[in-house]
Amino acid sequence: RAKQDGRNTFRFFEPAMDAALQRRRRLEHDLRNAIRKNQLYLDYQPQFGLSEGQLTGYEALVRWWHPTEGEIPPSTFVPIAEETGLIVPLGEWILKTACTYALGWPSDTKLAVNLSPAQFKTQDVFELVRRMLVETGLEPERLELEITESTILQNTDKVIDTLSRLDQLGVSIAMDDFGTGYSSLSYLTRFPVKKIKIDRSFIDTLGTNPQTSAIVSSIVGLGQSLHVTITAEGVETEGQAAMLKRWGCDQVQGYYFGRPEAEVPANPLEDEPLDRNVA
Ligand code: C2E
Ligand code: MG
Ligand code: MG
Ligand code: MG
């Protein structure tokens, strides 16, 4: 009887589950070959100093152009890569491609690369980064690695050791999506974090929600006290930029200042002066 019910229930959901599972298996299979088939590429989104308006660097963002499905967002395929172990070859490809590309920029332009928590679980991230820097010739000081609070949370001793060695090498660490995780702020004293990126969800409601304004201005103040650079991500309007500037936020990234683009000019400031006026 129970078996019968169970089976009926299962059958009821079967077609939809089947379709989702099949798509997922197909993507997993296709992702295995995506690097070799040149379906992956990187976009680069500019970051600017807010007081002077100067370009400070670019964040590399991975893209997958699937032959039949078109553009698949990283929020779909990065988790698949993490669960299947494909994040190892994918992460290596991203670092190598981005570091090589950054060699064509002015030497004061930094490169930010996202690292997934799964990379810290499955490989020696210090060795990976060191090897990629040696192979490409990019100076460690030009590389910034974006990690999230889930990386900090997972395996403290190993992660502290890896991040400290990267710091000693000259590579800097940025905390991405700040404010969305569950970890305590105490990691800021234990880990060599040089930059905090305030999550887009807080910037979204700046000006319409007094509480997010209070949170964001407090994070900016925290950064100033701790001597940590504060970057606001997802800045889409002049109004948001003006508020951030008034509070003394160091850097901005977002559609208002520049979208992620596949090719960036070697000297974007000469080619395309930043014409965003921030009161
Ligand atoms: P993230 O590292 O926080 O990247 C910022 C995301 O916000 C990017 O989405 C970017 O396109 C988007 N964005 C930037 N400015 C604006 C804006 O003004 N408005 C709005 N609405 N969005 C904006 P994307 O490229 O889809 O990446 C999503 C996430 O996927 C990233 O979040 C990161 O967690 C992950 N990801 C992307 N590339 C990589 C990678 O190379 N390696 C790893 N491990 N993860 C990556
Ligand atoms: Mg990021
Ligand atoms: Mg982020
Ligand atoms: Mg994110």
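**Close-up views of a two-magnesium site**

**View 1. Asp176 is shared by two metal ions.** Asp176 forms a bridge between the magnesium ion (ligand 3) and the magnesium ion (ligand 2), and these ions lie 4.2 Å apart. Keep in mind as you look around that this is a predicted model. How exposed or buried is Asp176? With a relative accessibility of 7%, Asp176 counts as buried, because the cut-off for that word is under 20%.

**View 2. Asp176, Asp177 and Glu233 hold the magnesium ion (ligand 3).** The coordinating atoms come from Asp176 (OD), Asp177 (OD) and Glu233 (OE), with Glu233 (OE) listed twice, at 2.1 to 2.5 Å. Along the chain, the donors of this ion follow the spacing D-D-x55-E. Asp177 in strand E6 and Glu233 in strand E8 (residues 229-233) are 56 residues apart, and this pair links distant parts of the chain. Now compare their surroundings. Asp177 has 26% relative accessibility, so Asp177 counts as partly exposed. Glu233, at 11% relative accessibility, counts as buried.

**View 3. Glu59, Asn114, Glu146 and Asp176 hold the magnesium ion (ligand 2).** Which atoms coordinate the magnesium ion (ligand 2)? They belong to Glu59 (OE), Asn114 (OD1), Glu146 (OE) and Asp176 (OD), at 2.0 to 2.2 Å. If you follow the sequence, the donor residues of the magnesium ion (ligand 2) show the spacing E-x54-N-x31-E-x29-D. Glu146 sits in strand E5 (residues 143-147) and Asp176 in strand E6 (residues 172-178), so this pair ties together parts that are 30 residues apart in sequence. Glu146 has a relative accessibility of 1%, so Glu146 counts as buried.

**View 4. Strand E6 pairs with E5 and with E7.** Here we turn from the metal ions to the strands. E5 and E6 pair in the parallel sense, over 4 bridges. Strand E7 (residues 193-198) also runs parallel to E6, and 4 bridges join them. A good residue to find is Met175 in E6, which stands opposite Ile147. In E7, Ile196 is the bridge partner of Met175. How much of E6 is covered? This strand is mostly covered, with 6 of its 7 residues buried. As you trace a strand, remember a handy rule: in a regular strand, side chains alternate between the two faces of the sheet.

Note on methods:
Residues numbered from 1 in each chain as written. Chains lettered and ligands numbered in written order. Predicted model: local features only at pLDDT ≥ 70, side-chain atom pairs only at ≥ 80, totals over all residues. Heavy atoms only, no water. Donors = N, O, S within 2.8 Å, 3.2 Å for Na, K, Ca; no water. Helix = DSSP H or I, 4+ residues; strand = E, 2+ residues; numbered from the N terminus. Buried < 20%, exposed > 50% of the residue type's maximum accessible area, 1.4 Å probe, protein only. Pairing = 2+ DSSP bridges.
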